[in-house]
Amino acid sequence: MRFDATGKVSLDHIYDQPDPRTYFTALRPLDYGVPQQAKPYFAKIITEYRESRHVAVPKVLDIGCSYGINAALLKYDATMDELYARYGDEERAGESREALLARDRELARSRQPPQAISFVGLDTSGSALSYALEAGFLDDVVHADLEEHEPTPEQRAQLSGTDLVISTGCVGYVTERTLTRVVRAQGVRRPWMAHFVLRMFPFDPVERALASLGYRTVRVDEMFRQRRFASPQEQALVLDSMSAAGVDPRGLEAEGWLYAQLYLSRPYDIAGTDDPNREQS
């Protein structure tokens with residue numbers, strides 16, 4: 001079992017496969033479920049944006065989208081349990097990629113959402129993006145590493161016009177560099193943002209960068225279980241990292257789960273950024 005610099009077990013191999021089976025097979029024993037917890041929050045903010053900005057088809061950019069999981073949940077009302085069964089059951093192990101794609105395209109055809117959403121995926125994994133696009137989960141994909149590189153003119157055009165930016169777990173590996181480049185690709189427009197971020201990763205640098213671009217960030221006063229620790233060693237390493245960063249894991253990560261928090265960032269001119277039910281970060 002390999003660990004990255006943060007102490008987390010390395011799961012890089014699950015994101016660059018030709019289909020999602022390895023992803024769901026690896027994450028199922030860990031009870032990974034943050035996309036399911038994120039679903040109602042994302043749905044609410046999409047509805048708020050649609051109604052306040054009078055946008056019929058909001059364009060959502062999912063950073064670190066992998067196989068289009070968030071898109072499948074929001075566009076087609078899938079659930080994580082359904083997707084685990086869809087890709088993680090042993091009976092699916094022998095299916096071809098083409099057979100999986102055929103079933104996913106049928107899912108997309110049979111569950112047209114009551115309110116249209118356009119989903120664009122940004123990821124460094126070309127394989128995951130290709131699957132999500134072919135399956136019909138994503139409407140467009142941007143294969144780029146915006147941590148290291150400015151978007152190309154073509155990528156900038158794909159990113160432009162974004163209404164909402166979401167993520168479920170990539171912030172910490174993705175930093176303010178990526179988010180700043182996404183915002184600057186919009187010109188004068190400022191998309192709303194909703195990021196689920198593991199508590200082990202500080203959000204302060206992102207918040208400061210977004211503030212310089214005209215955003216105010218608030219933190220939802222709730223904790224979200226991301227997944228179980230893969231081993232006692234991973235837990236010990238993560239707790240060491242959290243201790244060094246001054247984050248208290250008692251009652252949370254110390255009990256065996258990684259936890260995330262939700263940060264909402266909106267332009268200063270948007271009503272609702274001072275919602276008293278949210279805790280300012």
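This is a guided tour of a predicted model, taken selection by selection.

**Whole chain**

Start with the whole protein chain in cartoon view. The chain holds 10 helices and nine strands. Along the principal axes, its C-alpha trace spans about 55 × 45 × 35 Å. The radius of gyration is 18 Å, which agrees with the value near 19 Å that a compact globule of 281 residues would have.

Switch to a surface. About 12500 Å² of the protein chain is exposed, and carbon and sulfur atoms supply 50% of that area. Of the 281 residues, 53% count as buried. Among contacts with a separation of 6 or more, 79% are between residues 24 or more positions apart.

Colour by charge next. There are 33 positive and 42 negative side chains, and the centres of these two sets lie 3 Å apart.

**Strand β8 and its partners**

Select residues 257–267, which form strand β8. How many of its residues are buried? The count is 11 of the 11, so β8 is largely enclosed by the rest of the structure.

Show the side chains and look at each face in turn. On one side are Trp257, Tyr259, Gln261, Tyr263, Ser265 and Pro267, all buried. On the other side are Leu258, Ala260, Leu262, Leu264 and Arg266, also all buried. Both faces of β8 are therefore covered, each of these residues falling under 20% relative accessible area.

Now add the strands that bridge to β8:

- Residues 192–198 are strand β5, which runs antiparallel to β8 and is joined to it by six bridges. Pick His195 to find one of the pairs: its bridge partner in β8 is Tyr263.
- Residues 215–220 are strand β6, also antiparallel to β8, with five bridges between them. Here Tyr215 stands opposite Pro267.
- Residues 224–228 are strand β7, which pairs with β8 in the antiparallel sense over four bridges. Arg228 has Trp257 as its bridge partner in β8.

**Strand β2 between β1 and β3**

Move to residues 118–123, strand β2. This strand is mostly covered, with five of its six residues buried.

Which strands bridge to β2, and in which sense do they run? Strand β1, residues 59–63, runs parallel to β2 and is joined to it by five bridges. Strand β3, residues 140–143, is parallel to β2 as well, with four bridges.

Select Leu122 to see both pairings from one residue. Leu122 is the bridge partner of Ile63, and Leu122 also stands opposite Val142 in β3.

**Arg86 in helix α4**

Select Arg86, which sits in helix α4 (residues 80–88). Is this arginine buried or exposed? Its relative accessibility is 13%, so Arg86 counts as buried.

Display the residues around it. Leaving out residues up to four places away in sequence, Arg86 touches Arg92, Arg103, Asp104 and Leu107.

**Arg177 in helix α8**

Go on to Arg177, in helix α8 (residues 176–184). With a relative accessibility of 43%, Arg177 counts as partly exposed. Apart from neighbours within four places in sequence, Arg177 is in contact with Leu146 and Glu147.

For a distance to check in the viewer, pick the C-alpha atoms of Arg177 and Val206. They are 8.4 Å apart, while the two residues are separated by 29 residues along the chain.

**Two loop residues with positive phi**

The last stops concern backbone torsions on either side of helix α2, residues 34–53.

Select Asp31, in the loop between α1 (21–27) and α2. Asp31 has a positive phi of about 55°, although it is not a glycine. At 37% relative accessibility, this residue counts as partly exposed.

Then select His54, in the loop between α2 and β1. What is the phi of His54? The angle is positive, about 55°, and His54 is not a glycine either. The relative accessible area of His54 is 71%, which makes it exposed, the cut-off for that class being over 50%.

Key:
Residues numbered from 1 in each chain as written. Predicted model: local features only at pLDDT ≥ 70, side-chain atom pairs only at ≥ 80, totals over all residues. Heavy atoms only, no water. Rg over C-alpha atoms; globule rule 2.2 N^0.38 Å. Buried < 20%, exposed > 50% of the residue type's maximum accessible area, 1.4 Å probe, protein only. Contact = heavy atoms within 4.5 Å. Areas by Shrake-Rupley, 256 points an atom, 1.4 Å probe, with all protein chains shown as cover. Lys, Arg positive; Asp, Glu negative; His and termini not counted. Charge placed at Lys NZ, Arg CZ, Asp CG, Glu CD. Pairing = 2+ DSSP bridges.
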